[in-house]
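User: Please take a close look at the paired side chains of this model, charged ones and aromatic rings. For each pair, I would like the geometry, the burial of the partners and, where it is available, the place in the chain.

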Amino acid sequence: MSPEHWTRPSRADARGHADTAPAATSATPTREQVIAGLRATSEGGADLVQLLTPEGQRVTHPDFDIDVSAEQLRGMYRDMVLIRRADREGNALQRQGQLGIWVPLLGQEAAQIGAGRALRPQDMAFPSYREHGVAWCRGVDPTELLGIFRGTDHGSWDPHETGLGLYTIVIGNQCLNATGYAMGQKFDGKVGNSDRDASENEATMVFFGDGATSQGDVHEGMVWASVYDAPVVFFCQNNQWAISEPTERQSRVPLYERARGYGFPGIRVDGNDVLASLAVSQWALDEARNGNGPLLIEAFTYRMDAHTTSDDATRYRMDDELQAWKLKDPVERLRVHLLREELADQDFVDEVEREADELATRFRQFCFDMPEPPPERIFSAVYAEESPVVAAQRDDYLQYLSGFADAGHDTEGSVR
């Protein structure tokens, strides 16, 4: 898509509702304000890129159409079903006291699987803390996420081997890390290099939510990316709620339009459409690899669960809104398409469900069997080489613990 295709919205359109709508500055959104926002955003607007309707009907797009095989479609359906099941088990495990917290993915599977499958092995992805689907696409087993939410590690996978950075808890900080990495890709001659096979060029993709767009780190990352033409794709999953604040209180323009202020393209895609998410992500990553980055993708989606297991979404979100978005469920949308077009049969759907059950069983058992780390674990891997200062702190702490009457270690090395 070229810049000529972009049009600046009117003031009323930019605000997402008419100027006569209630102001978005009140402490609590009014019912009328919420309804106005829903009417303006229920389909994502005229600029929304969509290839699969909520009813599972395949449609075309003049700029972003894509050819995918039946096997690819079945593979993406399997991806979404399995990662949704792992997500639901993570939620249940937290409620059972096995995890300190869990960050639900429910409803955002298509955005993440589409973007994740667009990445090439040589690319790098930087997640926030909700990118379970992207992790799946990068070869990170769901069990490797458990240590983060159980509080036993900061992530057990190797970012260099997987092409996926560790989860970032600080809101928006990953955008700075991603921009710096992408600048390095450019400085190393791995972007837009015509002297070698173009398929070897690299790009970076960074994931964050709509609420993160109000963070300074995201702004700074976009400024540096723009100035240095960094090959980075900013992938914003607009799930409509930044914890308890609706998107309309985050911005006076659609989020993808913010890219204009930094001098690079922005595009809005139906984040509940895995085909459109794949197509737009492939295009954006190719642009970045060829030296035409950065770019911003706003995946227009919805989180159908709470922000985290410590959040109560019923306190600020209307049930009518949730029910409306359930009709746009990304997994059901692709399932209907596969069956309607005879690209898969019920036996395939049932087999994927059985595989999801097996994953859930393995996921739960892995969590139950995770050993408690010994107290000295907190001092390890702080630096690449052992620090005398940290080593002294560790020794002092272990000596302190040994003074308690119940001090000691069991056979697995954990404190009892």
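Analyst: **Charged and aromatic side-chain pairs**

Asp87 counts as buried, because its relative accessibility is 1% and the limit for burial is under 20%. The model in which this holds is a predicted one. Despite that burial, the side chain of Asp87 has a charged partner: Asp87 and Arg88 meet in a salt bridge, with 2.8 Å from N to O. Arg88 has a relative accessibility of 25% and so is classed as partly exposed. The bridge therefore joins a buried acid to a partly exposed base.

This contact belongs to a set of 25 salt bridges. Another member of the set is formed by Arg78 and Glu355, whose closest N and O atoms are 2.4 Å apart. This pair connects distant parts of the chain, since Arg78 sits in helix α3 (residues 70–95) and Glu355 in helix α14, with the two positions 277 residues apart in sequence. Neither end is buried: the relative accessible area of Arg78 is 28%, which makes Arg78 partly exposed, and Glu355, at 23%, falls into the partly exposed class as well.

A further bridge is made by the side chains of Glu245 and Arg249, at 3.1 Å from N to O. Glu245 has a relative accessible area of 27% and is partly exposed; Arg249, at 24% relative accessibility, is also partly exposed. Some salt bridges share partners, and in this way Arg85, Glu89, Asp357 and Arg364 are joined into one network.

Charged groups also appear without such a partner. Asp345, Asp347, Asp350 and Glu353 form a negative surface patch, and residues of a patch have no salt bridge. Glu353 lies in helix α14, which spans residues 346–369. With 35% relative accessibility, Glu353 is counted as partly exposed, and this value meets the patch requirement of over 30%. Helix α14 thus holds Glu353 of the patch and Glu355, the partner of Arg78.

The aromatic side chains are next. The structure contains 19 aromatic pairs. One of them is Phe149 with Tyr167, an edge-to-face arrangement with 6.4 Å between the centres and 70° between the planes. Phe149 belongs to helix α6 (residues 146–150), while Tyr167 is in the loop between α7 (159–162) and α8 (173–187); at 18 residues apart, the two link distant parts of the chain. Phe149 is buried, with a relative accessible area of 5%, and Tyr167, at 8% relative accessibility, is buried too.

Phe208 and Phe234 also pair edge-to-face, with a centre-to-centre distance of 6.5 Å and an angle of 70° between the planes. Phe208 is part of strand β2 (residues 204–209) and Phe234 of strand β3 (residues 232–238), so this pair ties together parts that are 26 residues apart in sequence. Phe208 and Phe234 are each buried.

Ring pairs extend beyond single contacts as well. A cluster linked by them contains Trp102, Phe149, Trp157, Tyr167 and Phe363. Phe149 and Tyr167 therefore bring to the cluster two rings that are buried, at 5% and 8%.

Terms used: Residues are numbered from 1 along each chain as its sequence is written. This is a predicted model: local features need pLDDT of at least 70, side-chain atom pairs count only at pLDDT 80 or more; totals for chains, interfaces and linings use all residues. Side-chain values use heavy atoms; hydrogens and water are left out. Patches are made of residues with over 30% relative accessible area and no salt bridge: like charges are joined within 9 Å, nonpolar side chains (Val, Leu, Ile, Met, Phe, Trp, Tyr) within 5 Å. Accessible areas come from the Shrake-Rupley method with a 1.4 Å probe; for residues, only the protein chains shown count as cover. A salt bridge is a side-chain nitrogen of Lys or Arg within 4 Å of a carboxyl oxygen of Asp or Glu. Lys and Arg count as positive and Asp and Glu as negative; His and the chain ends are not counted. The place of a charge is taken as NZ of Lys, CZ of Arg, CG of Asp or CD of Glu. Helices (H or I, at least four residues) and strands (E, at least two) are DSSP runs, numbered from the N terminus. Buried means under 20% relative accessible area, exposed over 50%, partly exposed in between (1.4 Å probe, protein chains only). Rings of Phe, Tyr and Trp (its six-membered ring) pair if their centres lie within 6.5 Å; planes under 30 degrees apart count as stacked, over 60 as edge-to-face and the rest as tilted.
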